[in-house]
Amino acid sequence: MATRQGAALERRKLMADPILVTTIVVLIAFLTIFILYPLAILLVDSVYGSDTGLTMSIFQRIFKMKTFRTAITNTLKVGFTVGIFSTVIGLLFAYVEEYVKVRTKIMGGLFQVVSMLPVVSPPFVLSLSVIMLFGKAGIITRYLLKIYDNSVYGYWGIVVVQTLTFFPVCYMMLKGLLKNIDPSLEEAARDMGASRSKVFLSVTLPLILPGLGNAFLVTFIESIADFANPMIIGGSYDTLATTIYLQITGAYDKQGAAAMAVVLLTITLAMYLVQKYVLEKKSAATLTGKASRGRMLIEDRSVTIPLTILCSLIAVFVLLMYICVPFGALFKTWGYDFHLTTKWFQQVFQRYKGFKAFKDSFLLSLASAPITALLSMIISYLVVKRKFKAKGFIEFVSMLAMAVPGTVLGIGYIRGFVNGVFGTGFLSGIYGSAAILIIVFVVRSLPTGTRSGISALRQIDKSIEESAYDMGADSFTVFMTVTLPLIKDSFLSGLVTAFVRSITAISAIILLVTPQFLLITVQINEFAEKGSYGIACAFATILIVITYGSVLLMNLFMKYFGTSRKFKEAN
């Protein structure tokens, strides 16, 4: 009875706040139109023919295509391999950071830099590096090993590049899990005579097993949804993402591409649902709260030396990959003439409209970042602090974009806003405009910001906001003057993350960008496909400087003006 009365009171409060009601309605409309509607159009396209009506013939046609069946097998094979490798390497780095006493600060700093680089760089930079180091004209293969016919294209090329790109995601997820394990559990096993390997296998590993599954599925989803790396280094090894792209740009088969997109979406969505509603809950149930006390780090040289060397080799290898990119832009002809030159940078700006590419990318990303950050915080606030019937819908749909591959979303926007329900309506004009690119950037970055905001808001006591309501403030005033300042760090972090994700995006926007706009990532992809690695590296180098500089500025700003500093000074 009390629960019903509380719910009724909450509804009355909600209806008495027109700003909050309007926000919820606008938010539901935005999520429906720009996330659910394009996906629904894809589903309709794949089962409805203009002549035949409702039919499964489109699916039957694509499954008869040998290239499509091979692409499914290739995609799943790559996804599982990358998922396993990324999880193992991520666990190795997380374990060394949380359990092993690293002798020098340089090593610790190196691990942190390496874990951050793939996050702030374009998704296909490592593909360029692998080609330049290990390809037919590669420095390592051709000049050091004297191998002249080595090919890095295909299955193993994709696996290596994607593993190095995505293992930091696993590292960040597993680092938190390992940190929250109570050391007393492992020390009790050690006191009973168990070896370190036995403790790890019988105590530590079972505790983080759901987290390992969670990390594996997240990486699996990222891997099979990846477009840029298979496009550049895949060669003739087709994946679903590249097959869908070629089906719509090469074969001009929009319905076939839509059906293929539905197949890929079904796989990623199934994995996402397992990851979110099964493994995430198990991880939370296994590790509740923080460790009771600090952990005594392992100093045994038989453990520290091998693990540190292994992590250092991987870290140096990744760092070598990224160092290779600026050198690729400074050498006269990679693989043949290693005299230093600035001609590639000059050509970027003088011949290939570099200023326009950077201006368009920067302005579009800059426009999408505050919208994404604010929307993320609003959604987080509604999910954590308010009770209403559509709350579950808003949370699920806003996080759904995490499971939607970029190419799938791109085709959904093409079908939805060119020939779909809104094809002749007021939204048909957004296709080919800056608005649709900004919307895609917002939708793609929304899940990351929302997760960060939800975590931050759950740490704020309800009484702080309730006191503002008791003084007569409406929900807008409370959110802007009380809630948002308290989660300022998450807001700023979401702002920069959204900017970085937008300016380095490729898979969703490559199908939507028109000649009216030049985007850096599209330029890099185009020149890399042509084999013009000097130009591609020049574009990529400037882009890495922009994104890395943005993150450093954000960290500096938060250090001096963030919420955490004020709390420290207050205490």
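Biologist: Happy to go through this with you! Where is the place of Arg-142?

Modeller: Keep in mind that we are looking at a predicted model. Leaving aside neighbours within four places in sequence, Arg-142 is in contact with Lys-136, Ala-137, Ile-147, Tyr-148, Gly-335 and Tyr-336. As for its own place, Arg-142 lies in helix 7.

Biologist: How many Å apart in space are Arg-142 and Gly-335, C-alpha to C-alpha?

Modeller: In sequence, these two residues are 193 residues apart. Even so, Gly-335 is among the residues that Arg-142 contacts. From C-alpha to C-alpha, the separation of Arg-142 and Gly-335 is 8.0 Å.

Biologist: Is Lys-146 buried or exposed?

Modeller: Lys-146 sits in the loop between helix 7 (139–144) and helix 8. Its phi is near 55 degrees, a positive value in a residue other than glycine. Most residues other than glycine have a negative phi. Because the relative accessibility of Lys-146 is 51%, and the cut-off is over 50%, Lys-146 counts as exposed.

Biologist: Which loop holds Lys-353?

Modeller: Phi of Lys-353 is near 55 degrees, again a positive value in a residue other than glycine. Lys-353 is exposed, with a relative accessible area of 55%. Its place is the loop between helix 15 and helix 16 (354–385).

Biologist: Why are the buried residues Trp-344, Phe-345 and Val-348 on the same side of helix 15?

Modeller: Helix 15 covers residues 343–350, and Trp-344, Phe-345 and Val-348 are buried in it. They are on the same side of helix 15 because, around the axis, they cover an arc of only 100 degrees.

Biologist: At roughly what angle do the axes of helix 8 and helix 10 cross?

Modeller: Helix 8 (residues 155–179) and helix 10 (residues 196–225) have axes that come within 9 Å. The contact includes Phe-166 and Met-173 of helix 8, and Ile-208 and Val-218 of helix 10. Its residues divide into eleven nonpolar, six polar and one charged. Helix 8 passes helix 10 in a right-handed crossing, and the axes cross at roughly 150 degrees.

Biologist: Which helix gives the largest share of the largest nonpolar core?

Modeller: That core has 182 residues, and Phe-93, Tyr-413, Val-443, Ile-524 and Phe-539 have the most contacts inside it. The largest share of this core is 13 residues, and they come from helix 4 (residues 66–99).

Biologist: Which residues does Phe-93 touch, not counting those up to four places away in sequence?

Modeller: Phe-93 is one of the residues with the most contacts inside the largest nonpolar core. With residues up to four places away in sequence not counted, Phe-93 touches Phe-111, Phe-167, Tyr-171, Cys-311, Ile-314 and Ala-315.

Methods
Residues are numbered from 1 along each chain as its sequence is written. This is a predicted model: local features need pLDDT of at least 70, side-chain atom pairs count only at pLDDT 80 or more; totals for chains, interfaces and linings use all residues. Side-chain values use heavy atoms; hydrogens and water are left out. Buried means under 20% relative accessible area, exposed over 50%, partly exposed in between (1.4 Å probe, protein chains only). Helices (H or I, at least four residues) and strands (E, at least two) are DSSP runs, numbered from the N terminus. The arc is that of the directions from the helix axis to the C-beta atoms. A nonpolar core is a set of buried Ala, Val, Leu, Ile, Met, Phe, Trp, Tyr and Cys residues joined through side-chain atoms within 4.5 Å. Contact means heavy atoms within 4.5 Å. Axes are lines fitted to C-alpha atoms, for helices over the stretch in contact, and angles run from 0 to 180 degrees between N-to-C directions. A crossing is left-handed if the near helix is turned anticlockwise from the far one by less than a right angle, and right-handed if clockwise. Ala, Val, Leu, Ile, Met, Phe, Trp, Tyr, Cys and Pro count as nonpolar, Asp, Glu, Lys and Arg as charged, and the others, Gly among them, as polar.
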